[in-house]
Amino acid sequence: MAMATVKLSSPAAGLLAGGRTRRSAPARRATVIRAAAGSYSDELVYTAKSVASPGRGILAIDESNATCGKRLSSIGLDNTEANRQAYRQLLLTTAGLGEYISGAILFEETLYQSTTDGKKFVDCLKDQNIMPGIKVDKGLVPLPGSNNESWCQGLDGLASRCAEYYKQGARFAKWRTVVSIPCGPSALAVKEAAWGLARYAAIAQDNGLVPIVEPEILLDGDHGIERTLEVAEKVWSEVFFYLAQNNVLFEGILLKPSMVTPGAEHKEKASPEAIAKHTLTMLRRRVPPAVPGIMFLSGGQSEVEATLNLNAMNQSPNPWHVSFSYARALQNSVLKTWQGRPENVEAAQKALLVRAKANSLAQLGRYTGEGESDEAKKGMFQKGYTY
C-alpha cells in the first residue's frame with residue numbers, strides 16, 4: 001500500500017520522455033503479462049474490434065430514468081416504466097439497425113427488460129450483431145477540496161455488478177466522468193477523473209466487459225479551441241498514465257472523448273476542418289495505436305454538426321477506428337417524430353436509420369450533409385447537462 005500511495009502522490013516521478021515509467025526489462029515484461037493474461041483477454045479484444053468495425057458506431061441509450069423522463073416530457077409523456085420501455089423498444093427493434101450500429105449502451109433497467117412480446121432487449125441486439133453494453137457508474141457528486149468540480153461514484157460493488165451484467169449478456173461497459181474548463185480544471189479534479197476511470201477499466205476487464213473510457217470535457221464556457229486542446233491533452237495524459245498503472249489491456253478498451261471544440265459560449269464557431277485538425281492532433285499525441293476505437297460523444301452539438309465533424313476526421317487514415325457513440329445526436333429527430341404515438345413508430349424508426357446511416361457514412365468519410373432538415377441542424381447544448 002505504501003508503494004501505491006507514493007505512485008499516486010507523485011505520478012511524474014521516474015518518468016522518461018513521452019511519459020514512460022523507468023523500469024527494468026523484467027518488470028516491463030511482467031507488466032505486459034499481467035495486463036494481457038486475464039481469462040477474458042481474447043474475448044475483450046474480440047468485443048472491442050467488433051464494436052470498432054467499419055461504418056458502424058454506438059447508439060447510447062443509457063440515460064438514467066430521470067434524464068429519460070426529461071426526454072419523454074418534451075413530447076408530453078409521463079416518466080413511467082411502460083413509456084421508457086416503449087421508447088427503447090422502438091429504438092432496439094428497428095430493422096436494419098445493425099448495418100450502422102455495432103453497440104448499444106443500456107441503462108440497467110433496459111438491460112433486464114423485454115419487448116411487449118417477451119423478447120429480451122439483449123437478444124434483439126444480438127440478432128442484429130449489435131453488442132449490448134451497460135452504464136456502470138453511479139453519477140456525479142461534488143468533489144470536496146476542488147473548485148466547484150465533480151467526481152464520479154460507483155467503484156464500490158462494481159466487480160459484482162459487472163459480473164452480473166456479463167451474465168445478463170452485456171459485453172462492454174461505460175463510465176462517464178466530466179472535466180469543466182471554466183472551473184479550472186483543478187489538478188485534483190483531473191487526477192480524480194483519471195484514477196477513477198482507470199480503476200473502473202481494470203475492474204470491468206477483470207469481469208469480461210470492455211470498458212469505454214469517457215472523461216467528458218464539457219462544452220460549457222467561452223474559451224477558445226486552443227484552450228480546449230490544452231486541457232484535453234492534460235486529461236488524456238493523466239488517464240493513460242493511470243490506465244497503465246492499473247495494467248489495463250489497451251487492446252481491450254474503447255475511448256469516448258469529447259471533440260476538441262471552442263466553448264459553447266465562445267464568440268466564434270470553429271469549422272469541421274478546424275475541429276478535426278485539433279481533435280486528431282490531441283489524439284495522435286496522447287492515444288496509443290493499440291487502442292482499437294475512438295467513439296466520440298456528441299456533447300450537445302446538433303445532429304448535423306456532430307456528423308460533419310466526424311466526417312472531417314475520417315478524410316485520411318487514422319491509427320484507430322474513429323467513430324461515434326451518440327445519444328442526443330441520434331435520438332433527437334426520433335423522439336420528435338414518434339411523439340409517443342403507436343402509429344408513428346415506423347416513421348420514428350426510419351428517422352433513426354437516417355441518422356445512423358449519416359454517421360455511418362461519416363465514419364467512412366463519405367458524408368455530404370445534403371438534404372438535412374432544419375431540425376437536425378439545431379444545437380442541443382444545455383449548460384450543466386447531466387445524465
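1. A salt bridge is taken here as a side-chain nitrogen of Lys or Arg within 4 Å of a carboxyl oxygen of Asp or Glu. By that rule the count comes to 15 salt bridges. The model is a predicted one, in which local features need pLDDT of at least 70 and side-chain atom pairs count only at pLDDT 80 or more, while totals for chains, interfaces and linings use all residues. Residues are numbered from 1 along each chain as its sequence is written, and side-chain values use heavy atoms, with hydrogens and water left out.

2. On confidence: pLDDT (the predictor's confidence in each residue, from 0 to 100) averages 89 over the protein chain, and 86% of the residues score at least 70. Residues 1–20 stay under 50, and the model has 16 contacts for them beyond four places in sequence, a contact being heavy atoms within 4.5 Å. Over residues 33–37 the pLDDT is also below 50, with six contacts beyond near neighbours in sequence. Where pLDDT is low, the predicted coordinates should not be read in detail.

3. On the overall fold: the protein chain has 14 helices and ten strands. These are DSSP runs numbered from the N terminus (helices H or I, at least four residues; strands E, at least two). Of the 387 residues, 55% count as buried; buried means under 20% relative accessible area, exposed over 50%, and partly exposed in between (1.4 Å probe, protein chains only). Among contacts between residues at least 6 apart in sequence, 80% join residues at least 24 apart.

4. On strand β9: this strand covers residues 293–296, with Gly-293 and Met-295 pointing one way, Ile-294 and Phe-296 the other, and all of them buried. Strand β8 (residues 254–255) pairs with β9 in the parallel sense over two bridges, pairing being assigned if DSSP finds at least two bridges between two strands. Gly-293 of β9 is the bridge partner of Leu-254. With strand β10 (residues 321–326), β9 pairs in the parallel sense over four bridges, and Met-295 stands opposite Ser-323 in β10.

5. On the connections: β8, helix α11 (residues 272–286) and β9 make a right-handed β-α-β unit. Another right-handed β-α-β unit is made by β9, helix α12 (residues 303–313) and β10. Right-handed means that, with the strands pointing away from the viewer, the path from the first strand over the helix to the second runs clockwise.

6. On buried charge pairs: Glu-63 forms a salt bridge with Arg-88, with the closest N and O atoms 3.5 Å apart. The pair links distant parts of the chain, since Glu-63 is in the loop between β1 (57–61) and α4 (65–73) and Arg-88 is in helix α5 (residues 81–92), 25 residues apart. Glu-63 counts as buried at 2% relative accessibility, and Arg-88 is buried with a relative accessible area of 1%. Arg-285 forms a salt bridge with Glu-233 at 2.6 Å between the closest N and O atoms. Here Arg-285 lies in helix α11 and Glu-233 in helix α10 (residues 225–245), 52 residues apart. Glu-233 counts as buried at 12% relative accessibility.

7. On an exposed pair: Glu-346 forms a salt bridge with Lys-350, the closest N and O atoms being 3.8 Å apart. Because they are four residues apart in helix α14 (residues 345–363), Glu-346 and Lys-350 are separated by about one helical turn. Glu-346 counts as exposed at 54% relative accessibility, as does Lys-350 at 51%. Elsewhere, salt bridges that share partners join Glu-63, Arg-71, Arg-84, Arg-88 and Glu-109 into one network.
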